[in-house]
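Please read the following report with the sequence and the structure side by side. It goes from pairs of charged side chains to the disulfide, the nonpolar cores, a hairpin and a loop.

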Amino acid sequence: MSTKYRVIAGISAACGLLLAASGAAHAEVEPGGWSSESPGFKVQERGCGQVDNLTFTLTCSTASGDQRAERRYDTYNGGTHQFEGYFRVTSMGGTRISLKQTFNDTDGDAGPYFMLAVERGGRLYAVHGGDTLSNAGTVGATVRVNTVHDVGEEHRTYINGSLKHTVDSPGGSFYDKFGAYRTSSGNGPATVVWSNVKFWRK
């Protein structure tokens, strides 16, 4: 290898290390020790829900029935799990659309355990209890969401890197979902674009 190509190879290796370090830093919404993971997922389209890669659309204003466009990830049992993703509401003709869920998959207790939703105007809130987490979800704004789930202990939600919501967690089996989903009091149409979705555990 010539001197020229040895220099280029060295620079490329250094850049790779810097990018790896940068990627690891994103996991540290809480103290480190995280391991990256890549759970599998299934696409769910029901009612007027449509999924195109990471674009999730409810095309109708129907205020009843199952209207959803989501990714449903693999079930986990025990441990501490972190989700990170960035969403941008690109259109919001309706209101009260769920964006991200941590779903209880435990026999006898199955159901949505934590639901982050957005109202028209940008209010982000926890569906169970109604707590306001932020007003950052306006149309066109990009918002970072992290959920940290210590199974059997606590579930924490961060908006743009700041802790906004904490709730006790039972033990059992859970999974992550995100996309656009009509809440029981909401309706479309709406389009939500997600990006840079990552998962870690420890």
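In this predicted model, a salt bridge is formed where the side chains of Arg96 and Glu119 meet, with 4.0 Å from N to O. The two residues belong to distant parts of the chain, since Arg96 is in strand 8 while Glu119 is in the loop between strand 9 and strand 10 (124–126), 23 residues apart. Arg96 itself counts as partly exposed, at 26% relative accessibility.

The structure holds 11 salt bridges, and among them are two further pairs that also link distant parts of the chain. One of these joins Arg72 to Asp105, whose closest N and O atoms are 3.8 Å apart; Arg72 is in strand 5 (residues 68–73), and Asp105 is in the loop between strand 8 (95–104) and strand 9 (111–118), 33 residues apart. Asp105 is partly exposed, with a relative accessible area of 27%. The other is the salt bridge in which the side chains of Arg144 and Glu84 meet, at 3.0 Å from N to O, and here Arg144 in strand 12 (residues 142–150) and Glu84 in strand 7 (residues 80–92) are 60 residues apart. Arg144 has a relative accessible area of 18% and is therefore buried, the limit being under 20%, and Glu84 is buried as well, with a relative accessible area of 1%.

The three pairs are set out here.

| Salt bridge | N to O distance | Separation in sequence |
|---|---|---|
| Arg96 and Glu119 | 4.0 Å | 23 residues |
| Arg72 and Asp105 | 3.8 Å | 33 residues |
| Arg144 and Glu84 | 3.0 Å | 60 residues |

Salt bridges also link Arg46, Asp66, Arg68, Glu70 and Lys177 in a network.

Which cysteines are joined by a disulfide? A search of the whole structure finds one disulfide, and this disulfide joins Cys48 to Cys60, with 2.2 Å from S to S. Because the torsion about the S-S bond of Cys48 and Cys60 is about -65°, the disulfide is left-handed. Cys48 lies in the loop between strand 2 (41–46) and strand 3 (49–52), and Cys60 in the loop between strand 4 (55–58) and strand 5, so the pair ties together parts that are 12 residues apart in sequence. Both Cys48 and Cys60 are buried.

Turning to the nonpolar residues, the largest nonpolar core has 33 residues, and those with the most contacts inside it are Phe56, Phe87, Leu124 and Trp194. Apart from this core lies another, of five residues, including Val29, Val148, Tyr158 and Trp200. In soluble globular proteins, nonpolar side chains tend to be buried together. Phe87, when its neighbours within four places in sequence are left aside, is in contact with Leu99, Leu124, Ala141, Thr142, Val143, Val145, Val192, Val193 and Trp194.

Tyr158, one of the residues of the five-residue core, stands opposite Leu163 in strand 14. Strand 13 (residues 154–159) and strand 14 (residues 162–168) pair in the antiparallel sense over six bridges. These two strands form a hairpin with two residues between them, and Asn160 in the turn has a positive phi of about 50°.

Finally, Gly130 is found in the loop between strand 10 and strand 11 (132–134), where Gly130 is partly exposed with a relative accessible area of 30%. Not counting residues up to four places away in sequence, Gly130 touches Arg123 and Tyr125. Between Gly130 and Met115, which are 15 residues apart in sequence, the C-alpha to C-alpha distance is 10.0 Å.

Technical notes:
Residues numbered from 1 in each chain as written. Predicted model: local features only at pLDDT ≥ 70, side-chain atom pairs only at ≥ 80, totals over all residues. Heavy atoms only, no water. Core = buried A, V, L, I, M, F, W, Y, C linked by side-chain atoms within 4.5 Å. Buried < 20%, exposed > 50% of the residue type's maximum accessible area, 1.4 Å probe, protein only. Contact = heavy atoms within 4.5 Å. Pairing = 2+ DSSP bridges. Disulfide = S-S within 2.5 Å.
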